[in-house]
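This report introduces a structure to a reader who has not met it before. Please look over the sequence and the structure shown here before reading on.

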Amino acid sequence: MAEYVTLIEAAELEGVKYKTMAQRLNRNPDKFDTMTEKSENGGKDAVLVAVASLSKKARNAWKERAKLKELSGTISPEGEAQPEPEAPWYVEADVDWYIENYREQWYKGMELGNVIREFLQYDGANKTEYAEQYAQEHLGSGKRTLYRYVKAYNEACAWADKLQKESGVGFEFFKVLCLCRKPKESGTFPSIKPEVKQVIKNIWFNEDFAANLGTREMLYEKLTLVANVNKWEKIPSYQTVTRYITYLMEDEGMKNAHFLASKGSREYKNKVMVKGSRDTSGLKVMQIVMGDEHTSIVGLHTSSRTVRLSRSSRT
C-alpha cells in the first residue's frame with residue numbers, strides 16, 4: 001500500500017520551503033503521485049504526496065522518521081507504552097563545547113556530511129556497484145563504511161526533526177555531530193560558565209519574569225543585555241541556552257520551582273503540593289466518632305467535627 005504525506009511534510013523531507021514544493025508539483029504534475037483529502041473543518045482539501053514519488057534523500061529521511069515514530073509508540077504485551085528509544089550521544093551533547101574542544105573533528109564531520117548528501121541524491125541503476133565505487137573514491141574504504149554513515153545521518157535527521165517539532169528550536173547540528181567521533185567526556189554544558197548558568201537561573205526562576213510568561217527568547221535577550229553590561233566576550237548560543245533550560249526543568253527536577261514562581265504559592269499548594277490524607281484502615285471500632293457536641297478528648301478537628309478517641313469521652 002502506498003504511503004502518503006502532506007505537502008508540508010513533503011517539503012520538510014525534501015529540505016525545501018513549502019512554496020517551493022508546491023511549485024514543483026505545479027510544474028511537474030506527472031512526476032508526483034498525489035491525492036486530496038477532505039478537511040474535517042470544511043476548509044480547503046489537503047494535498048497528499050506519495051512518498052515513492054519523492055527523491056531518494058526524502059525517502060530515506062521518511063524511513064528514519066517512521067522508524068523513530070514506530071519505536072516511540074511501541075506497546076508492550078501488557079498494554080503499557082514502551083519508553084522512547086535511547087537517544088544517540090549527540091542529542092545531549094553541548095555543541096559549542098564540542099566545536100571548541102574538537103574543532104578538527106567538527107570540520108571532518110561537515111565534510112562527511114557533504115559526501116553523504118551527494119550520495120543520497122543518486123537514484124540510478126547498479127546502486128551497490130555505485131556505492132562501492134563512491135566509497136572508495138570519497139572515503140578510501142568500502143561501501144559498508146558508507147552505509148554506516150548514511151544510517152547515522154538519516155537517524156540524526158529524524159531526531160533533529162522530532163526535537164524541532166517538540167521545542168521549536170533547530171537542531172541541524174545533529175547532522176554534523178552524528179558523523180563526528182564521540183568525546184570521552186561530554187560534561188554537563190561545559191561551554192556555559194558558572195556565572196552564566198547562575199544568571200540563566202536567576203532570570204528563568206524570577207517571580208516577575210515567570211509570572212509574566214517569560215519565554216526562552218525573552219530570557220536570551222535579557223542574558224545578552226547582562227553580557228553587555230558585564231562585558232562578557234562570549235555567551236552560549238540560543239540553542240545551547242534553550243537545552244540548558246530544558247535540562248534544568250526535566251533532568252534537575254526544577255519544573256515545580258518554575259511553577260511556584262509563575263503561579264504563586266496558593267496555586268502551587270492547590271495543584272502541586274501533596275495533600276495529607278487519613279488512613280483509617282488500621283483503626284479499631286469506635287476509634288472515630290462523628291458528633292455535634294463538644295467533648296473533652298484529644299485530637300479534636302473543629303472543621304469536620306471528626307475526632308479520634310485516645311481516652312474515654314465525657315458525654
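The text below describes a sheet, a helix that packs on it, and two pockets.

**The sheet**

The model is predicted. It contains an open sheet of 3 strands in the order 1-3-2, with antiparallel pairing. Strand 1 (4-6) and strand 2 (34-37) stand at the edges; each has a single partner strand, so one side of each is left without a neighbour in the sheet. From one strand to the next, the twist averages 35 degrees. Strands of a sheet pair through backbone hydrogen bonds, either parallel or antiparallel. Here strand 1 and strand 3 (residues 46-50) run antiparallel and are joined by 3 bridges. One bridge links T6 to its partner L48 in strand 3.

**Helix 1**

Helix 1 (residues 7-14) packs on the sheet, where it touches strand 1 and strand 3. The direction of helix 1 makes about 95 degrees with that of strand 1. Is this helix mostly covered or mostly open? Helix 1 is mostly covered, with 6 of its 8 residues buried. These buried residues are L7, E9, A10, A11, L13 and E14. After helix 1 comes G15, which has a positive phi, near 75 degrees.

**The two pockets**

Rolling a probe the size of a water molecule over the atoms shows where empty space is left. The table sets out the two pockets by volume and by the residues nearest the centre.

| Pocket | Volume | Lining | Nearest the centre |
|---|---|---|---|
| Largest | about 540 Å³ | 20 residues | V91, E92, L163, E166 and T246 |
| Second largest | about 410 Å³ | 20 residues | E12, G15, R65, E172 and K175 |

For the largest pocket, the elements that give two or more residues to the lining are helix 7 (143-167) and helix 12 (238-250). By class, this lining has 8 nonpolar, 3 polar and 9 charged residues.

For the second largest pocket, the elements that give two or more residues to the lining are helix 1, helix 3 (56-72) and helix 7. Which of them gives the most to this lining? Helix 7 does, with 8 residues. The lining of the second largest pocket divides into 8 nonpolar, 3 polar and 9 charged residues.

**Connections between the parts**

Helix 1 links the two topics of this report: helix 1 packs on the sheet, and helix 1 also gives residues to the lining of the second largest pocket. G15, which follows helix 1, lies among the residues nearest the centre of that pocket. Helix 7 gives two or more residues to the lining of the largest pocket and 8 residues to the lining of the second largest pocket.

Definitions and conventions. Residues numbered from 1 in each chain as written. Predicted model: local features only at pLDDT ≥ 70, side-chain atom pairs only at ≥ 80, totals over all residues. Heavy atoms only, no water. Pairing = 2+ DSSP bridges. Helix = DSSP H or I, 4+ residues; strand = E, 2+ residues; numbered from the N terminus. Axes fitted to C-alpha atoms, helices over the stretch in contact; angles between N-to-C directions. Contact = heavy atoms within 4.5 Å. 1 Å grid on protein atoms, 1.4 Å probe; cavity = no way out; pocket = protein on both sides within 12 Å on 5 of 7 lines; lining within 4 Å. Points joined across faces, edges and corners; volume = space filled by probe spheres on them. Nonpolar A, V, L, I, M, F, W, Y, C, P; charged D, E, K, R; others polar. Buried < 20%, exposed > 50% of the residue type's maximum accessible area, 1.4 Å probe, protein only.
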